[in-house]
Amino acid sequence: MAGVYIHIPFCKKACHYCNFHFSTKKNYTVLVNAILKEIEINQKKFNNKNISTIYFGGGTPSIIENRHIQKIITKVKNQYNVFKNCEITLEVNPDDVNREKLKNWNKIGINRLSLGVQTFDNNILKKLNRIHTAEMAISAIEEIKKVYNNYSIDLMFGTPGSTKKSIENDLFILKKLNPPHVSIYNMTLEKRTVFYKLFKNNKISLPNENSVLSQYDLILDKLEKSGYENYEISNFAKKGYHSRHNSNYWKDKEYIGYGPSAHSYNKKYRFWNISDNKEYIRLINKGIRVYERERLSPTEKINEYILTRIRTSKGVDQRDLLKKFRVDLFKDKFDDIKLLEKKNLVTIDKNQIKLTNTGKKLSDSITEKIIY
Ligand SMILES: C[S@@+](CC[C@H](N)C(=O)[O-])C[C@H]1O[C@@H](n2cnc3c(N)ncnc32)[C@H](O)[C@@H]1O
Ligand code: SF4
């Protein structure tokens with residue numbers, strides 16, 4: 001069983017925090033044709049044909065025409081054994097949502113939407129250089145609800161101008177809208193973004209560490225009280241609404257990525273496609289390889305397992321590690337794990353090591369202690 005990821009590398013304008021691969025050019029058709037060709041020629045030679053999830057990410061997949069999305073889904077279905085109940089997610093931006101588009105997405109088989117909202121604070125949205133207002137995001141959600149039960153909202157905390165109060169307001173509005181799934185990311189300052197330059201030149205300030213931690217505390221507390229399970233550090237779901245596609249990443253399932261910058265994984269190799277639209281199209285049309293790959297060493301595989309699993313509510317399972325990799329984490333890292341437990345950063349439950357809420361805020365430094 002595997003997942004398919006399709007990267008649609010276009011946005012209307014660049015948000016100041018984002019370094020995902022995208023272009024603001026509009027040569028959609030020629031790029032989609034190249035993606036169709038990439039799926040057909042299956043350069044990376046994935047043998048796994050059973051597909052349980054398809055995820056259109058970006059960039060902004062909701063920009064492209066419905067017929068383009070439909071062609072891609074049809075091509076994937078021709079090349080693979082796509083399960084009948086396959087989860088098919090489309091990332092959408094609020095300014096692209098309207099009744100007609102929603103009906104059309106639904107018609108071609110998109111059964112889950114992920115809407116990028118980031119915040120309901122108009123001043124912060126402006127700072128982020130988002131194209132939409134809070135009101136537009138709210139009315140997009142109200143329209144989505146009429147067509148979709150299964151949808152998710154992306155928010156961010158730790159953004160310039162954010163405070164405990166602004167997050168409180170975001171969570172208040174969120175509670176009223178009551179989406180079945182929410183992803184809330186701590187904004188990272190990425191190189192090659194406007195924020196990075198502004199920050200280096202002292203032109204913006206970010207909330208200090210204590211403020212960011214108190215924002216995250218508030219998020220954990222309020223969402224738990226509203227009935228969400230925090231099934232991964234950044235992901236919260238009502239019962240039955242976990243993202244199957246993302247959960248498969250954490251379960252070490254294979255995934256096949258198509259489009260510029262898309263990543264793939266087949267349990268032995270990690271692959272990444274070139275992050276340049278023009279070059280991607282040129283290479284695909286000439287039948288030249290568009291990806292690089294790296295074979296994962298046994299230690300990298302163990303660490304990958306620990307890195308991804310520690311972020312989930314299931315935690316790192318000692319028996320899994322023994323079975324899959326023949327390593328005894330509790331023995332090898334006994335002192336470190338015991339110390340983390342004493343500091344209330346992790347809990348140890350027979351075979352599982354899990355982050356506490358305090359631990360979730362320090363996940364990177366905790367992971368450092370328990371990887372090989
Ligand atoms: C790949 S983006 C695409 C989503 C869609 N284009 C949008 O903007 O709504 C997915 C999510 O990543 C998050 N994201 C992007 N840049 C980030 C950053 N620097 N730090 C944390 N989260 C980020 C945002 O919440 C965004 O909605
Ligand atoms: S956050 Fe979304 S819309 Fe903004 S630049 Fe990144 S991918 Fe594009």
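**Reasoning through the cores, helices and ligand shells**

Me: Leaving aside its neighbours within four places in sequence, which residues is I144 in contact with?
Reply: In this predicted model, I144 is in contact with V97, L102, L113, L115 and Y151, once neighbours within four places in sequence are left aside. I144 also belongs to the largest nonpolar core, of 69 residues, where I6, I35, I51, I54, V76, L115 and I144 touch the most other members. Apart from that core lies another, of 13 residues, among them L321, I337, L345 and I366.

Me: Why is V4 called buried?
Reply: V4 has 27 C-beta neighbours inside 10 Å, and a residue is called buried when 20 or more other C-beta atoms lie within 10 Å of its own, so V4 counts as buried. V4 is found in strand β1 (residues 2–8), and beyond four places in sequence V4 is in contact with I51, I54, V76 and I256. The C-alpha atoms of V4 and E304, by contrast, are separated by 20 Å, with these positions 300 residues apart along the chain.

Me: What makes S166 partly exposed?
Reply: The count for S166 is 19 C-beta neighbours inside 10 Å, whereas the buried class begins at 20 and the exposed class ends at 12; S166 therefore counts as partly exposed. S166 lies in helix α6 (residues 164–177) and, leaving aside neighbours within four places in sequence, is in contact with T119, D121 and I124. Between the C-alpha atoms of S166 and I138, which are 28 residues apart along the chain, the separation is 16 Å.

Me: How do you know that K13 is exposed?
Reply: K13 has 11 other C-beta atoms within 10 Å, and 12 or fewer places a residue in the exposed class, so K13 is exposed. The place of K13 is in the loop between β1 and α1 (28–41), where K13 touches T24, N129 and I131, not counting residues up to four places away in sequence. The C-alpha atoms of K13 and I306, 293 residues apart along the chain, are separated by 36 Å.

Me: Why is α14 described as roughly antiparallel to α16?
Reply: The axes of helix α14 (residues 334–342) and helix α16 (residues 363–370) cross at roughly 155° and come within 9 Å. Angles over 145 degrees count as roughly antiparallel, which means that α14 is roughly antiparallel to α16. Where the two helices meet, D336, I337 and L340 in α14 face I366, K369 and I370 in α16 as contact partners. By class, this contact has four nonpolar, no polar and two charged residues.

Me: What makes the backbone of N202 and K267 worth a second look?
Reply: Most residues other than glycine have a negative phi. Phi of N202, however, is near 55° and thus positive in a residue other than glycine, and phi of K267, likewise positive, is near 80°. N202 sits in the loop between α7 (194–200) and α8 (209–225), while K267 is found in the loop between β10 (263–265) and β11 (269–273).

Me: How do you know whether K267 is buried or exposed?
Reply: K267 has 12 C-beta neighbours inside 10 Å, and because the exposed class takes 12 or fewer, K267 counts as exposed. N202, with 7 other C-beta atoms within 10 Å, is exposed by that rule.

Me: What kind of peptide bond joins G58 and G59?
Reply: Most peptide bonds are trans. The bond joining G58 and G59 is a cis peptide bond, with omega about 20°. G59 is found in the loop between β2 and α2 (66–79).

Me: Which residues surround ligand 2, and how do they divide by class?
Reply: Ligand 2 is surrounded by C11, A14, C15, C18, F20, F22, G58, G59, T60, N93 and G116, a shell with six nonpolar, five polar and no charged residues. Glycine counts as polar, so G58, G59 and G116 fall among the polar residues of this shell.

Me: Which residues come nearest to ligand 1?
Reply: Of the 16 residues around ligand 1, C18, G116, D154, Y185 and T188 come nearest. The elements giving two or more residues to this shell are β2 (50–58), β4 (112–118) and β5 (151–157). By class, the shell around ligand 1 divides into six nonpolar, seven polar and three charged residues.

Note on methods
Residues numbered from 1 in each chain as written. Chains lettered and ligands numbered in written order. Predicted model: local features only at pLDDT ≥ 70, side-chain atom pairs only at ≥ 80, totals over all residues. Near = placed C-beta within 6 Å. Helix = DSSP H or I, 4+ residues; strand = E, 2+ residues; numbered from the N terminus. Axes fitted to C-alpha atoms, helices over the stretch in contact; angles between N-to-C directions. Parallel < 35°, antiparallel > 145°, perpendicular 65-115°, else oblique. Contact = placed C-beta atoms within 7 Å. Core = buried A, V, L, I, M, F, W, Y, C linked by C-beta atoms within 7 Å.
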